[in-house]
Amino acid sequence: MLLGRMRTQKTTRRSFLAGAGVVLAGCGQKTVQPPPQGTAGNSGAAAGAAEGPADVTLRIAPVLVDIAKDHTISTIGYNGQVPGPLVRLREGVPVTVDLFNDTDAPEFVHWHGLAVPADVDGAPEEKSRMVPAHGQLRYRMTPQPGGARFVHSHVMPMSDLNRGAYTGQFAFVYIEPKNNPGRYDQEIFLATHEWEPFFTTEEEMDDTDITPAEKARKAAEDKKNKPNGWEIGYQRFTINGKALGYGEPVRVKEGQRVLFHILNGSATENLELALSGHPFRIVALDGNPVPNPQMVDVLSLGTAERISAVVEMKNPGVWVLGTPHDDDRRNGMGIVVEYAGRGGVPRWIKPPRKAWDYTIFGETRAVAEPVETIPLVFGKINGGTGSFNQWTINGKTFDEKAAPRTLQKGKRYRLVFDNQTDDSHPVHLHRNSFELTNVYGKATAGVMKDVVLVKGYRKIAVDFAPSMEGLTLFHCHQQLHMDYGFKTLFDVT
Ligand SMILES: [Cu+2]
C-alpha cells in the first residue's frame, strides 16, 4: 500500500500562517500577502538573524486532502492545505522566511525559478540549509525575478513514494514584477498533481511526434538492452487538489479576460491541458514574458513548467479545462470553467493535435556567442540498479564526491542538452533562467525559462550567464530520473 486510502472524515483544518495576512482568493486559495513596500528588507540582516514575525511562514505537516467524493488522500503539505498557500512577494523586496517541519524527516524547501543564494535555495546538493525534523529554519531572501515561480520539496524520495515531490508539498509563488503591463479582469492560479502512485514496468509512451526512424532506433535498443526498470503510474489526478467536477469551478463572466497561471506540480508526469471552446494566448513561460505571445489550443507542461496565458471568455457555457488524455481526465485531471448564469453538464471538446513548439514564442535575431559550449548528453541504463533505470549525463550518474564544473559569474555559457534516450526530460537549472537558443535544430532567441522539456533523441541548446556565485544544480525534474543519477553540479566563481 503506497498511500493509505481512508473514508472521508471531517477534520479541522487549521491555518498555520503567522505574521502574514491570510485572504481568500479565487478557487478557495489562501494567500500569503507580500509585506508592504519599504517595511521589510531594509535591515540587511544576515540569513537567520532577523527578529519579529516572518513575512512568509510555511509549516510542513501531515494533511488530509478531500480530492473527490468519499476519497481522501493522506499526505504532507504546507500550512494544512494542498496546494500550499499562494505566496505573493514583491520583486526585489527582501522577506524573512520561517520554515517549520512537523514531520519525522528533514526537509528541503526549494524556491524554484528564483535567483537566490545557494544556502537558501533548498537543495541538498548545493549544501543549502535544511529544515530539521521537528525543527525550524529562518532566513532572509530577496525574491527575484518577477513572475510565476513555485516552492516545493527537494528531498530525494528514491523508492519511497510518500516523500518529496510525490506529496502535497508544493505551492505557487507569484513575484509581483516591478512593472506589470498585464491587462486582465481575473487572475487564476491552477496547480496540477497526481496521487496514489504505484510502480509499473509499463513504459510511458511519449508518441506525440516521434518519427519512424526514432521508433526503429528504440526498437533496436530495446532488443539489446536489459528490460526497462520501474516506472510510476498514478490512480488519481487533481487540479488545485480536487478531481475534475469535485471542487468549485472557475467562475467567469462573458467578455472577461482571464489570466491563468498554470503549474505542472507533478513529481514525474509531463502534461497537456486544453480549455474546450477557448484558445489560450500564452504571454509568459516559467513566469517570464515571451517576446511573441501566441494563441495555442493545447498547453504543454513538462514537470515543474509554468505557463501564464490569457483567455478571452466569449463562448458562454460550462466547459472542461483538462488533459486531452481521456483516461487521466476521467481520473480527475481537469477543472470546470463556468460562465455566470450558465448550468448543465460541463462540455469537453477534443482539441486539435499539434506538436508543441517553443520557438513560436521567440525571436529570429542572432544571439551573442558564448565563451564556452558545454554538451550535456543524457543517457539511460535500463534496469541499472537491478530494479530502477539509471540516468547519466555525459556517461556518468551523479557523484556527490566529484568536483563540480566551474563557471565564471557573468560569462555567457551555452548548454547543449543532447537527449540520447527515448524519454522526454524536463530539465531544470537552479538559481538561474536560461535563454532558448536552439530547439530541435531551429535557432531562436528571447524565450527565458528555468525548465525545458527535451523530447527523446532531440537536442535543445540554451544560453545563460550565471549572475550569482555558488553551487548551482542542474537536473531532470522527473523525480525518479533525478533520484537515480540525472543531475550535475556547477560551481560559479
Ligand atoms: Cu528525466
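This is a short group-meeting talk on a predicted model of one protein chain with a copper ion.

Okay, let's start with the overall picture. Keep in mind that we're looking at a predicted model here. The chain runs to 493 residues, and 57% of them are buried. On secondary structure, there are 33 strands and four helices. If you take the contacts with a separation of 6 or more, 78% of them are between residues 24 or more positions apart. As for the surface, the chain exposes about 20100 Å², with 50% of that coming from carbon and sulfur atoms.

Now to the metal. Which protein atoms are the donors of the copper ion? There's ND1 of His425, SG of Cys476 and ND1 of His481, and they lie 1.9 to 2.1 Å from the copper. Along the chain, the spacing of those donors reads H-x50-C-x4-H. Are Cys476 and His481 buried or exposed? The cut-off for buried is under 20% relative accessible area. Cys476 comes out at 0%, so Cys476 is buried, and His481 is at 4%, so His481 is buried too.

Let's move on to the aromatics. The search over the whole structure gives 13 aromatic pairs. Take Phe378 and Phe474: the ring centres are 6.3 Å apart and the planes are at 25°, so we call that pair stacked. Phe378 belongs to strand S23, residues 372-381, while Phe474 belongs to strand S32, residues 470-476, so to speak a link between distant parts of the chain, 96 residues apart. Phe378 and Phe474 are both buried.

Phe378 has another partner, Phe486. Here the centres are 4.8 Å apart and the planes are at 55°, so this pair counts as tilted. Again distant parts of the chain are linked, because Phe486 is in the loop between helix H4 (479-483) and strand S33 (487-492), 108 residues from Phe378 in strand S23. Phe486 is at 0% relative accessibility, so Phe486 is buried. And if you follow the ring pairs outward, you get a cluster made of Phe378, Trp391, Phe417, Phe434, Phe474 and Phe486.

While we're on rings, two arginines are worth showing. Arg59 lies over the face of Phe100, 4.3 Å from the ring centre. Over at Tyr440, the charged end of Arg458 sits over the ring, 5.3 Å from its centre.

Next, a polar residue on the inside: Asp463, in strand S31, residues 459-464. At 1% relative accessibility, Asp463 is buried. What do the side chains around Asp463 offer in polar contacts? There's one of 2.9 Å to the side chain of Arg412 and one of 3.2 Å to the side chain of Thr437. Leaving out residues up to four places away in sequence, Asp463 touches several others, including Val367, Ala368, Tyr413 and Phe434. That Phe434 is also a member of the ring cluster I just showed. And Thr373, 90 residues from Asp463 in sequence, is 8.9 Å away in space, C-alpha to C-alpha.

Last stop, Asn288. You'll find Asn288 in strand S18, residues 288-296, and at 8% relative accessibility Asn288 counts as buried. A polar atom of the Asn288 side chain lies 2.9 Å from the backbone oxygen of Met448. Beyond neighbours within four places in sequence, the contacts of Asn288 include Pro145, Gly146, Arg149, Ser433 and Lys449.

That's the tour, so over to you for questions.

Methods:
Residues are numbered from 1 along each chain as its sequence is written. This is a predicted model: local features need pLDDT of at least 70, side-chain atom pairs count only at pLDDT 80 or more; totals for chains, interfaces and linings use all residues. Side-chain values use heavy atoms; hydrogens and water are left out. Donors are N, O and S atoms within 2.8 Å of the metal (3.2 Å for Na, K and Ca); water is not among the atoms, so sites may look incomplete. Buried means under 20% relative accessible area, exposed over 50%, partly exposed in between (1.4 Å probe, protein chains only). Helices (H or I, at least four residues) and strands (E, at least two) are DSSP runs, numbered from the N terminus. Contact means heavy atoms within 4.5 Å. Accessible areas come from the Shrake-Rupley method with a 1.4 Å probe; for residues, only the protein chains shown count as cover. A polar contact is a pair of N or O atoms within 3.5 Å; within protein, one must be able to donate a hydrogen and the other to accept it, and residues adjacent in sequence count only if both atoms are side-chain atoms. Rings of Phe, Tyr and Trp (its six-membered ring) pair if their centres lie within 6.5 Å; planes under 30 degrees apart count as stacked, over 60 as edge-to-face and the rest as tilted. A charge sits over a ring if NZ of Lys or CZ of Arg is within 6 Å of the ring centre and within 35 degrees of the ring normal.
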